[in-house]
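Colleague: I am new to this structure and would like a close look at a single part. Please take me through it step by step.

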Amino acid sequence: MSTLDDIIKFTETLRDKLEPHWSSDLLYEKYVHILDAPKSAGYCGPSSVILWQELRKNFPSEQFSLAVGKVYKDSTELINGKHVWVVWHHKLKAASVIDITADQSSYFKEKVVVADIDLLAKEAVNYIPYQLARSIDEVDESPKKRAEILRMKTHLPKVRIDYAWLLSDAASVHLNEKLGDGTPLRSYEYYCDIAKKYSEWWEPEGEKILQALCEITGLEFYQNTIDVHVAPWFYAFSSPMALGVVFKEKDVLVNVLTHEIIHRLLTDNKSYDYGHDYVKLWRSMFGDGVTKNTLVHIPVHAVMKKLYVDYLKRPDLVALDKKSVAEYPDYAAAWEYVDEHGHEEIIAKLREDIGSVRS
Ligand SMILES: [Zn+2]
């Protein structure tokens, strides 16, 4: 395949990867939505910044710049207002336009256009840049920031919640015999429905929570899937991630799952080696005066508080968590520590170390 074919394929693949993560928080601030606007309208900035960065990384012998400008067919604007695309500079010929959101214009049928500027000009299609960036310092803050958010979204893991019938057969059956009152376990379908209900409760805010956790900690999940295994007679733990069948309300379920996912992010991420001694690390931050179980919950509760208060605007969930752990001294002590020392200060300590392990 030629470099041109490779670049077309690369751009199309990236477009497919980015498109599902477009959401209103990524729109250009001055973007005014018009009725029946194409799906890609308003997302050219962050998508093109990522495309440009990825092209430079994957095709290091080629020259690319990021263009901001207007697109015309004859003298009519093809795409309303400001548009962002990538320019591929050729050694001998002029250049090509690489437009990852070309479908903002009804003129193009394709989502992605990679075309020689001269050939486009023959059809009277002109991409006129008024700004061409060769390095990231030359790019405006707004698309850069929005590209960071979009990139983070593409790295978020998928949370899959399913009834773990193998686990249930291997363990729950025996737990039920030992701990139950003689009532047999419910049917396969019954537990599948519970897992489905959990998914429905998690889904609306799930991505927002995952994204906020990454922003708060500066960490990225190591794995791209979080499998949540639902089985009776378990309560909740994070590795492997398991949930019981006892959660009756949305807020309670979201809170418990968030707790476990914070454990996961703090201990299985792209900044620290697998098997890192976190207990030693957190001892050095939070001291020897607490039990191990309290120690590991100090960062969990600090991150949780920031998530609920600043991101979800749900301080009532802090109260809900405190109430739910009130009778468990180790967990209650972790909340006391967080309230006494301040969650921001605890997060700052975590981030300081994360910054120092990143090369
Ligand atoms: Zn925990």
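Which residues in helix 7 meet which residues in helix 9?

Modeller: A caution before the details: this is a predicted model. On the helix 7 side, the residues are T258, H259, I262, H263 and L266. They meet P299, V300, V303 and M304 in helix 9. By type, the residues of this contact divide into six nonpolar and three polar, with no charged ones.

Now the geometry. In general, two packed helices are described by the angle between their axes and the distance between the axes. Helix 7 covers residues 250-267, and helix 9 covers residues 292-311. Their axes come within 10 Å. They cross at roughly 115 degrees. The crossing is right-handed.

Helix 7 also has a sheet to deal with. It lies across strand 7, strand 8 and strand 9. Its direction runs at about 25 degrees to strand 8.

Look at that sheet next. It is open and has four strands, in the order 6-7-9-8. The pairing is mixed. Strand 6 (158-163) and strand 8 (236-238) are the edge strands, each pairing on one side only. From one strand to the next, the twist averages 20 degrees.

Inside the order, strand 7 (residues 225-230) pairs with strand 9 (residues 241-243). The sense is parallel, over two bridges. To find the spot, go to H229, which stands opposite A242 in strand 9. Helix 6 (residues 188-217) packs on the sheet as well. It touches strand 6, strand 7 and strand 9. Its direction makes about 160 degrees with that of strand 6.

Where does this part sit in the chain? The domain assignment gives domain 1 (3-148) and domain 2 (157-357). By those bounds, helix 7 at 250-267 and helix 9 at 292-311 fall in domain 2. The centres of the two domains, taken over C-alpha atoms, are separated by 40 Å.

For a second view, turn to domain 1, where strand 3 spans residues 95-99. Four of its five residues are buried, so strand 3 is largely enclosed by the rest of the structure. Strand 2 (residues 76-89) runs antiparallel to strand 3, and four bridges join them. There, W88 has S96 in strand 3 as its bridge partner. Strand 3 also pairs with strand 4 (residues 113-116), in the antiparallel sense, over four bridges. In that pair, V97 stands opposite A115 in strand 4.

Key. Residues numbered from 1 in each chain as written. Predicted model: local features only at pLDDT ≥ 70, side-chain atom pairs only at ≥ 80, totals over all residues. Axes fitted to C-alpha atoms, helices over the stretch in contact; angles between N-to-C directions. Left-handed = near helix turned anticlockwise from the far one by under 90°. Contact = placed C-beta atoms within 7 Å. Nonpolar A, V, L, I, M, F, W, Y, C, P; charged D, E, K, R; others polar. Domains from an automatic or database assignment. Pairing = 2+ DSSP bridges. Buried ≥ 20, exposed ≤ 12 C-beta atoms within 10 Å, placed from the backbone.
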